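Please examine the sequence and the three-dimensional structure shown here before reading on.

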Amino acid sequence: MAQVLVVDDSSTVRDEVAGFLKKNGLDVATANDGRDGLAKLKADPKIKLVVSDVNMPNMDGLTMAEKIRSELGNKTVNIVMLTTENSPVMKERGKAAGVKGWIVKPFKGDAVIATFKKLCE
Amino acid sequence: MHAPAKLQVKVLVLEEEGGAADTLKAFCEVQDLLPVKVQPEHLMSVLRSSIDLGALFLAEAYACQGLQGRRLAHELHRIRPELPIFLRCTADTALSEADQRVVRHAYRLDQLEGMTPVIQTSLFSLVYPEPLVRGIAELTLQALQGQFKNITLMAEAPIIVRDRLIYGEVYSLIPLEASWCRGYMMLQIEERGLQRLQSHQLGEVETTHRDSIRAINNVFSETTNLIWGAFKNRFIACEDATLSKMTQVPIVINHPQRYISFGSEDPQLCFRYHLWDNALQQGEAIELHQRFVFNLSWSPELFRENQVTADSMLASGELELF
């Protein structure tokens with residue numbers, strides 16, 4: 001059972017983000033694309049926060065966010081995108097899908113850990 | 001249209017006559033060429049190892065491995081056909097049809113001034129907007145700094161290259177698509193350099209395959225992704241996104257021959273960066289080569305830099321709550 005699900009096709013990013021969150025006391029699960037992320041979220045009702053990349057194979061992060069809302073109708077899961085994308089169009093699509101926050105890579109854990117912990121409550 | 005960036009081209013000067021070499025050197029300075037003189041005994045090894053050349057300036061009297069003049073030009077063309085050869089002759093003699101296939105232009109020393117048009121069309125056939133060139137170096141340095149902690153970085157002045165030789169063993173290609181360009185960014189690095197960097201960078205990361213090739217490729221892939229994202233955010237407008245479904249051409253990579261072709265004869269924009277791991281007291285610099293290959297489309301007159309709006313002023317790594 002995890003509190004946070006980190007979704008990224010890059011194992012470097014998954015390891016970095018998951019390692020940092022674990023070190024800060026959070027239980028973390030990982031997924032390597034949107035399809036994997038959606039499946040793991042469906043299987044683990046304890047997940048409160050999804051930290052996801054946008055550009056991934058099989059299913060991108062925004063499509064995953066849209067499916068989380070449409071298929072799970074889950075308002076208790078907070079979604080934050082961690083991506084190189086910074087376009088207003090993408091952010092608008094994220095907002096419409098219920099995404100709570102947006103981080104432009106690279107990941108700087110110290111800047112976000114307090115907010116992540118709140119989003120896990 | 002933005003002002004073009006002032007870029008240089010590195011050329012090999014195969015010339016043993018002192019006076020002619022001096023004249024050629026002065027000419028190169030005016031033409032934004034970086035002349036590199038090569039002694040005959042080193043020519044072949046330089047040709048094999050140099051990966052950032054733009055052209056060869058060969059004197060008819062220059063001899064190497066028993067070959068001289070036009071015969072040497074044919075041999076040089078056989079080894080490096082992508083490099084235009086400018087042959088300095090001492091007299092006006094017409095080039096044969098076979099010679100014309102390997103020599104871009106023959107000239108006498110007193111005709112150097114008239115060479116400007118052929119230099120421009122042969123070596124500077126693409127112009128790159130100054131904000132693009134400056135911006136690429138800026139965003140790449142930021143991305144590298146973000147990806148690799150505790151490193152010192154330095155970017156060399158960018159140059160234009162024509163050769164097709166690959167640097168190092170690890171390289172990545174990623175498409176760049178906009179209304180003003182279509183092509184690729186390529187990053188190249190030596191595998192041992194990447195391993196050295198990675199062994200320090202991953203010190204605190206939990207990973208089960210720290211030393212595996214897969215981990216190395218992932219780090220490099222993520223570095224490419226960071227630079228690509230920053231490039232898109234800065235230079236590619238949102239409305240260009242639909243262009244990404246247009247035609248592609250095959251990219252040919254021949255590992256044993258260290259050869260790569262993008263199907264176009266156009267020159268490439270080349271940047272080179274040096275990274276030092278600050279944790280190592282006396283480590284040699286690790287080189288990172290970056291090339292921009294706009295082989296599918298290039299319309300610099302349509303280039304524009306995205307305006308930074310108040311909404312996007314957020315620094316990377318910070319959380320923007322909706």
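The questions and answers below concern chain A of a predicted model.

Q: What pattern of strands and helices does chain A follow along the sequence?
A: Chain A has 5 helices and 5 strands. Read from the start of the sequence, the pattern is β-α-β-α-β-α-β-α-β-α.

Q: What is the radius of gyration of chain A?
A: The C-alpha trace of chain A spans about 30 × 30 × 25 Å along its principal axes. For 121 residues the globule rule gives 14 Å, and the value for chain A is close to this, so the chain is as compact as a globular protein of that length. The radius of gyration of chain A is 13 Å.

Q: What percentage of the residues in chain A are buried?
A: A residue counts as buried if 20 or more other C-beta atoms lie within 10 Å of its own. Of the 121 residues in chain A, the buried share is 52%.

Q: Which strands of chain A pair with β1(A) in the parallel sense?
A: Strand β1 (residues 4–7) of chain A is joined to strand β2 (residues 28–31) of chain A by 4 bridges, and the two run parallel. In this pairing A:Leu5 has A:Ala29 as its bridge partner. A parallel pairing over 4 bridges also links β1(A) to strand β3 (residues 49–52) of chain A, where A:Val4 has A:Leu49 as its bridge partner. The strands asked for are β2(A) and β3(A).

Q: Is the crossover from β1(A) through α1(A) to β2(A) right-handed or left-handed?
A: The chain leaves β1(A), passes through α1(A) and reaches β2(A), which forms a β-α-β crossover. The handedness of this crossover is right-handed.

Q: Which residues of β1(A) are buried on its two sides?
A: In a regular strand the side chains alternate between the two faces of the sheet. In β1(A) both faces are covered. One side carries A:Val4 and A:Val6, and the other carries A:Leu5 and A:Val7.

Q: Which residue of β4(A) stands opposite A:Ser52?
A: In β3(A), A:Leu49 and A:Val51 point one way, A:Val50 and A:Ser52 point the other way, and all are buried. Strand β3(A) runs parallel to β4(A), and 4 bridges join them. Opposite A:Ser52 in β4(A) stands A:Met81.

Q: What arc do the buried residues of α2(A) cover around the axis?
A: In helix α2 (residues 34–43) of chain A, the residues A:Gly34, A:Gly37, A:Leu38 and A:Leu41 are buried. They lie on the same side of α2(A) because the arc they cover around the axis is only 100°.

Q: Which exposed residues does α2(A) carry on the face turned away from its buried side?
A: The buried residues of α2(A) are covered by elements that include β1, β2, β3 and α3 of chain A. On the face turned away from that buried side, the exposed residues are A:Ala39 and A:Ala43.

Q: Why do the buried residues of α5(A) line one face of the helix?
A: The buried residues in α5(A) are A:Val112, A:Phe116 and A:Leu119. Seen down the axis they line one face because they fall within an arc of 50°.

Q: Which element of chain B is among those that cover the buried residues of α5(A)?
A: The face of α5(A) turned away from its buried side carries the exposed residues A:Asp110, A:Ala114 and A:Lys118. The cover over the buried residues includes α1, β3, β4 and β5 of chain A. The element of chain B in this cover is β16.

Q: Which element gives the largest share of the side of chain A that touches chain B?
A: In the model, 28 residues of chain A are in contact with 26 residues of chain B. The elements giving two or more residues to this side of chain A are α1, α4, β5 and α5. The largest share, 6 residues, comes from α1(A).

Q: Which residue of chain B stands opposite A:Ile103?
A: Strand β5(A) pairs with strand β16 (residues 319–321) of chain B in the antiparallel sense, over 3 bridges. Opposite A:Ile103 in β16(B) stands B:Leu319.

Q: Is A:Ala96 buried or exposed?
A: A:Ala96 is placed in helix α4 of chain A. A residue counts as exposed if 12 or fewer other C-beta atoms lie within 10 Å of its own. Since A:Ala96 has 12 other C-beta atoms within 10 Å, A:Ala96 is exposed.

Notes:
Residues are numbered from 1 along each chain as its sequence is written. Chains are lettered from A and ligands numbered from 1 in the order in which they are written. This is a predicted model: local features need pLDDT of at least 70, side-chain atom pairs count only at pLDDT 80 or more; totals for chains, interfaces and linings use all residues. The radius of gyration is taken over C-alpha atoms; the globule rule is 2.2 Å times the number of residues to the power 0.38. Two residues are in contact if their C-beta atoms, placed from the backbone, lie within 7 Å. Two strands pair if DSSP finds at least two bridges between them. A crossover is right-handed if, with the strands pointing away from the viewer, the path from the first strand over the helix to the second runs clockwise. The arc is that of the directions from the helix axis to the C-beta atoms.
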